[in-house]
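Visitor: I am new to protein structures, and I would like to learn how to read one. Could you walk me through it, feature by feature?

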Amino acid sequence: MFRNYLKTLIRNMQKNKLHTAINIIGMAVAFTCSILLMVMVYREFSFDQFQQNKTKLFKLYSFENRSEGMNLHSGMSYPVVTTIKMEGIGVEKATRIKYRGREVRYKDKTLEQSTQLVDDDYFSMFSFTIVKGAKQHPLADIGNTVLSEKTAASLFGTEDPVGKTIEVKIGGNWNKLMVSAILQDAPLNSSITYSVLARTELDPDYATQKDSWNNQHHDVYVQLNDQAAQVQVEKQLREYIKKHNPPNIENLKKEGYRADANGDYTGMKLLPLTDIHFSAELGDGNIVSKPFLYILLLVACMIILIACFNFVNLNIGLSFTRTKEMGIRKCLGAGKRQVWLQVWGESLVTVLIAMLTGITATFVLMKGFNKLMQAKFDTSLLYQPAIIFYLFLILVFVSLIASGYPSFIMGKLKTVEILKGKISLKKPGIFRNALIVAQFAIAIILICTTIIIYQQFQHLRNAPLGYTTSSLISVPIKQDDKGREITGKLRNLLASQPSVVSVSGSSINFGLGQDGSISKWSIGFDYNGKSVGTNFLAADYDILKTLDISLKEGRDFSTAHVADSMNAVIVTESMASQLAEKDVVGLSFYSDSSKPKWNVIGVIPDFHLYSMYEKSEPLTISMKSDASISYALIRVNTQNPAATLNMIKQVYAQAEPGVEFKGSYVNENIDRWYANEERLSNMFSIASLVAIILSCMGLFGMAFIVIRQRVKEIGVRKVLGASVGGIAALVTKEFIKPVVIALFIATPIAWWAMDKWLQDFMYRINIHWWVFASAGLVAVLIAILTVSFHAVKAAVVNPVKSLRTE
């Protein structure tokens with residue numbers, strides 16, 4: 001019996017080559033896209049799942065309930081870790097993580113590696129394997145350091161690094177440290193990464209700031225004990241704040257802060273470790289939003305559904321060309337179960353061929369997919385049990401969906417009517433049209449979302465940040481403790497270059513540079529009984545000229561004023577408004593009683609130091625001599641950006657010899673901020689294209705079947721005088737109606753989904769009506785072109801051939 005069914009399947013495939021090709025190619029394309037998207041989603045959701053203590057590990061963050069909304073910050077002050085474990089609020093272990101250096105050397109070999117300052121609890125909290133050296137408390141001694149395998153191999157080669165003394169540059173100072181252990185490289189799906197680890201106490205600022213709550217500049221991770229729960233600890237954190245760093249409630253009220261449901265204006269909360277990868281405000285590095293991943297899953301399902309709808313529609317159409325075969329089988333004793341098994345078996349084989357083709361295509365396309373999505377996915381993920389299980393479920397589900405309705409229709413047909421030839425599809429079926437509506441509704445939704453995501457992406461890239469991003473070059477300085485000296489050298493060396501407008505320096509990069517570094521420095525203090533909070537930026541001379549920012553009052557930092565390098569600051573308007581003074585320029589005040597007063601020399605408009613995801617915040621720019629300058633900024637005026645960047649590279653080699661040049665234009669850095677939006681835009685563009693192609697393939701095949709069933713009707717109409725255009729319009733109109741209905745269904749859905757998605761952006765576009773009109777027009781035109789081919793072809797056939805008896 002199975003052999004007979006197999007022969008029938010092969011014969012039907014050969015007989016209906018066009019429809020077999022549409023089914024297999026359409027399903028294979030759908031499987032390829034869906035598998036790639038599923039692998040991507042699976043990998044992103046696997047972040048930090050390998051941590052053994054994942055349910056007890058949290059990142060500490062602070063919140064502020066401002067009038068314009070809640071602000072979240074992960075920066076903490078040094079006393080937090082020291083005090084939080086002593087309070088008995090359920091915190092068993094805690095560690096700081098602070099980036100404080102970028103160089104390490106052994107003998108005559110120097111590497112540029114990021115150094116993180118941590119506490120000894122780090123190693124017992126996180127599940128990073130120590131492959132060599134001290135297994136327990138590797139940083140128990142302040143003179144120890146721990147290296148990753150990759151760093152150790154680069155620095156020592158084949159030499160055993162354990163017990164060797166190396167030099168690590170921390171905050172501008174070289175420290176001799178002994179390598180106590182080697183850590184296995186962090187997994188690719190880890191939010192926490194490392195190269196060189198050393199003790200927090202090695203920070204040059206630690207001695208003066210260890211008891212200060214005003215300087216927030218590092219992350220804090222905590223591990224709760226077995227009896228503690230997140231909600232319980234967060235309640236106790238309220239009392240912890242009141243005891244150690246109580247806010248001035250009256251001042252907060254005056255500044256527009258609002259109390260939340262618990263009556264808190266500010267406070268601390270816990271973010272689960274497994275949620276860090278999905279938090280735009282509190283995460284580090286490559287952040288992905290959960291809605292983005294859910295959208296990917298939804299798109300994968302949509303593409304599969306469109307392919308399924310094609311399969312079902314074509315199978316329904318073809319089933320009515322096999323009525324005599326089924327009638328004879330039923331005369332010979334075949335029951336409904338056997339008819340269903342035959343139709344399902346044929347569908348299963350077709351879907352299996354398509355899935356195997358799709359899996360093969362996935363292996364071939366994985367490299368290109370990684371490049372397009374700016375990711376690092378491995379085909380080994382396809383061997384994961386969860387992925388294999390999902391593929392099996394999809395195989396069974398799709399084959400059942402594709403065969404269910406056709407087999408139901410064939411099973412309930414009466415044998416006598418079949419053999420008399422009374423079964424035909426004279427009118428468009430409701431079910432068939434419903435499937436056409438569904439697949440085009442999905443396609444229109446994807447087209448609309450593609451346009452809106454692209455518009456938002458362009459808005460983020462091109463929105464004015466408050467300074468001129470074009471023609472501005474940022475160059476990471478390796479020896480940031482000599483940053484001012486290097487910036488000065490660079491200024492002198494470039495003075496004779498006509499294409500260079502000005503040179504300055506900054507402690508923070510503008511955008512995301514090639515060094516991948518992200519940092520934020522914020523300060524809080526009291527002024528005249530009021531709480532003042534500001535982000536902090538250390539800078540060099542001519543910073544405003546280089547950024548092309550106009551002054552509201554006062555002046556820029558200048559070499560003509562020697563005192564500028566001591567205590568002069570420039571503040572933004574929002575920072576000035578916190579001081580609530582009529583004349584801010586010339587004002588002197590303490591931000592830290594242990595340090596000199598700040599002297600305000602200028603006020604500038606607020607600008608976006610960070611991405612458009614974050615609201616512009618108060619900012620203070622200072623030339624304080626003890627702050628590192630990590631980036632040189634060069635404003636240029638050139639018609640040949642590439643040649644100018646190459647010239648800067650050559651000159652920079654004289655300012656800081658022997659250093660790899662990682663300079664880039666700031667507008668390129670800003671593009672890197674929005675890599676996720678670019679990925680989403682690329683993905684939806686491809687998904688929309690695939691959806692339209694699959695929909696057209698299905699419509700193409702369905703039109704062929706329907707027109708083939710109406711050949712005699714078309715012949716009669718021609719004999720009675722119908723024109724080719726009239727017949728083509730008659731047939732085409734039948735398929736255009738479902739597409740128009742799909743437009744009206746898709747429009748509110750697409751608008752609602754995109755409006756929700758845009759709510760995640762602080763600065764967002766407005767959704768315009770023409771987006772939906774354009775998507776509908778594209779869908780209708782494509783449908784007309786697809787169906788018209790068969791309609792015109794049938795209309796020009798000689799009616800004698802159409803009416804000839806079989």
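Visitor: Let me start with a strand pairing. What is the bridge partner of glutamate 64 in β12?

Guide: This is a predicted model, so please read everything here with that in mind. The partner of glutamate 64 is threonine 266 in β12. That pair belongs to a longer ladder: β1 and β12 (residues 266-272) are antiparallel and share seven bridges.

Visitor: Which other strands pair with β1?

Guide: One is β2 (residues 69-73), which runs antiparallel to β1 with five bridges between them. Within that pairing, asparagine 65 faces methionine 70 of β2. Another is β11 (residues 219-224), antiparallel to β1 and joined to it by three bridges. There, lysine 59 has tyrosine 221 as its bridge partner.

Visitor: Is β1 buried or exposed?

Guide: Buried here stands for under 20% relative accessible area. Ten of the ten residues of β1 (residues 57-66) are buried, so the strand is largely enclosed by the rest of the structure. You can also look at which way the residues point. Leu57, Lys59, Tyr61, Phe63 and Asn65 point one way, while Phe58, Leu60, Ser62, Glu64 and Arg66 point the other way, and all of them are buried.

Visitor: Now I would like to see a hairpin. How many residues lie between β7 and β8?

Guide: Two residues separate β7 and β8 in their hairpin, and glycine 171 in the turn has a positive phi of about 60°. The two strands, β7 (residues 165-170) and β8 (residues 173-183), are antiparallel with six bridges. Try following lysine 169: its bridge partner in β8 is tryptophan 174. Lysine 169 in β7 also stands opposite glutamate 103, and β7 pairs with β3 in the antiparallel sense over three bridges.

Visitor: Next, salt bridges. What is the general idea?

Guide: Side chains of opposite charge can pair when their charged atoms come close. A search of this whole structure finds 21 salt bridges.

Visitor: Which residue forms a salt bridge with glutamate 87?

Guide: That is lysine 243, with the closest N and O atoms 3.3 Å apart. Glutamate 87 is in the loop between α3 (79-84) and β3 (91-106), and lysine 243 is in helix α7 (residues 230-244), so the pair ties together parts that are 156 residues apart in sequence. Glutamate 87 counts as partly exposed because its relative accessibility is 25%. Lysine 243 counts as exposed, at 56% relative accessibility.

Visitor: Are arginine 96 and aspartate 119 buried or exposed?

Guide: Both arginine 96 and aspartate 119 are buried. Their side chains meet in a salt bridge of 2.7 Å, N to O. Arginine 96 lies in strand β3 and aspartate 119 in the loop between β4 (109-118) and α4 (122-125), so this pair ties together parts 23 residues apart in sequence.

Visitor: What about arginine 199 and glutamate 201?

Guide: Arginine 199 and glutamate 201 form a salt bridge, their closest N and O atoms being 3.0 Å apart. Lys98, Arg100, Asp203 and Asp205 are joined into one network by salt bridges that share partners. As for accessibility, arginine 199 is buried, with a relative accessible area of 14%, and glutamate 201 is partly exposed, at 27%.

Visitor: Let us finish with a sheet and its helices. In what order do the four strands of the open sheet come?

Guide: The order is β14-β22-β13-β23, with antiparallel pairing. The edge strands are β14 (500-506) and β23 (664-665), and each of these pairs on one side only. Strand β13 (residues 472-476) and β23 are antiparallel, with two bridges, and isoleucine 473 stands opposite tyrosine 665 in β23.

Visitor: Which helix lies across these strands?

Guide: Helix α19 (residues 641-655) lies across β13, β14, β22 (631-636) and β23, at about 35° to β13. Another helix to find is α15 (residues 483-494), whose twelve residues reach 16 Å from first C-alpha to last, close to the 16 Å expected at 1.5 Å a residue. The buried residues of α15 include Ile486, Leu490 and Leu494. Among the elements covering the buried residues of α15 are β14, β22 and α19.

Methods:
Residues are numbered from 1 along each chain as its sequence is written. This is a predicted model: local features need pLDDT of at least 70, side-chain atom pairs count only at pLDDT 80 or more; totals for chains, interfaces and linings use all residues. Side-chain values use heavy atoms; hydrogens and water are left out. Two strands pair if DSSP finds at least two bridges between them. Contact means heavy atoms within 4.5 Å. Axes are lines fitted to C-alpha atoms, for helices over the stretch in contact, and angles run from 0 to 180 degrees between N-to-C directions. Buried means under 20% relative accessible area, exposed over 50%, partly exposed in between (1.4 Å probe, protein chains only). A salt bridge is a side-chain nitrogen of Lys or Arg within 4 Å of a carboxyl oxygen of Asp or Glu. The expected span of a helix is 1.5 Å times one less than its number of residues.
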